[in-house]
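Here's a quick briefing to read alongside the model. Have the viewer open and follow along.

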Amino acid sequence: MSVTSTAVAISDGPNFYSSSMNCQWTLRSEASPISIEFSSMATEQGFDWVKVYRDIEASDLVHQMSGLVGATSILVQSPVAVVVFT
């Protein structure tokens with residue numbers, strides 16, 4: 001996904017996610033930093049993770065979350081951010 005506007009919404013949909021999910025979103029912007037905001041999230045604590053990286057290879061971890069998480073803002077100091085859900 002290339003970010004071409006000031007705000008983009010990504011959702012897992014209206015139902016529960018499947019077992020062994022592995023999703024990845026690549027966010028690109030012409031400017032740095034990229035601001036990512038999560039309104040809330042609920043995953044299986046310690047087993048399912050949302051991780052945010054600051055590089056296309058998803059090797060430079062910026063933030064990770066698992067379990068019940070409320071509103072969270074993440075600032076990625078890069079024109080590329082990768083969000084991975086496993």
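Which backbone oxygen does the side chain of Thr43 reach? That would be the one of Asp48, at 3.1 Å. Keep in mind that this is a predicted model. The rest of the briefing starts with the overall fold, moves on to the strands and the core, and ends back at Thr43.

**The chain as a whole**
- You're looking at a chain with eight strands and zero helices, so to speak a plain β-β-β-β-β-β-β-β when read along the sequence.
- Of the 86 residues, 31% are buried.
- Among contacts with a separation of 6 or more, 69% link residues 24 or more positions apart.
- About 5700 Å² of the chain is exposed, and 51% of that comes from carbon and sulfur atoms.

**Strand β8**
- Strand β8 covers residues 80-85, and six of the six are buried, so the rest of the structure largely encloses this strand.
- Take the two faces of β8: Val80, Val82 and Val84 point one way, while Ala81, Val83 and Phe85 point the other way, and all of them are buried.
- One pairing partner is β1 (residues 23-28), which runs antiparallel to β8 over six bridges; here Cys23 has Phe85 as its bridge partner.
- Another is β4 (residues 50-53), again paired with β8 in the antiparallel sense, this time over four bridges; Val52 has Val83 of β8 as its bridge partner.

**The nonpolar core**
- The largest nonpolar core has 15 residues, and Ile36 and Phe38 are the ones that touch the most other members.
- At least two residues of this core come from each of β1, β2 (34-38), β4, β7 (72-76) and β8.
- Setting aside residues up to four places away in sequence, Ile36 touches Leu27, Val52, Thr72, Ser73, Ile74, Val76, Ala81 and Val83.
- As background, nonpolar side chains tend to be buried together in soluble globular proteins.

**Back to Thr43**
- Thr43 sits in the loop between β3 (41-42) and β4.
- Is Thr43 buried or exposed? Thr43 counts as buried because its relative accessible area is 13%, and the cut-off for buried is under 20%.
- Apart from neighbours within four places in sequence, Thr43 is in contact with Tyr17, Asp48, Ser66, Gly67 and Phe85.
- Two names on that list have come up before: Asp48 offers the backbone oxygen that the Thr43 side chain reaches, and Phe85 is the β8 bridge partner of Cys23.

Terms used. Residues are numbered from 1 along each chain as its sequence is written. This is a predicted model: local features need pLDDT of at least 70, side-chain atom pairs count only at pLDDT 80 or more; totals for chains, interfaces and linings use all residues. Side-chain values use heavy atoms; hydrogens and water are left out. Buried means under 20% relative accessible area, exposed over 50%, partly exposed in between (1.4 Å probe, protein chains only). Contact means heavy atoms within 4.5 Å. Accessible areas come from the Shrake-Rupley method with a 1.4 Å probe; for residues, only the protein chains shown count as cover. Two strands pair if DSSP finds at least two bridges between them. A nonpolar core is a set of buried Ala, Val, Leu, Ile, Met, Phe, Trp, Tyr and Cys residues joined through side-chain atoms within 4.5 Å. A polar contact is a pair of N or O atoms within 3.5 Å; within protein, one must be able to donate a hydrogen and the other to accept it, and residues adjacent in sequence count only if both atoms are side-chain atoms.
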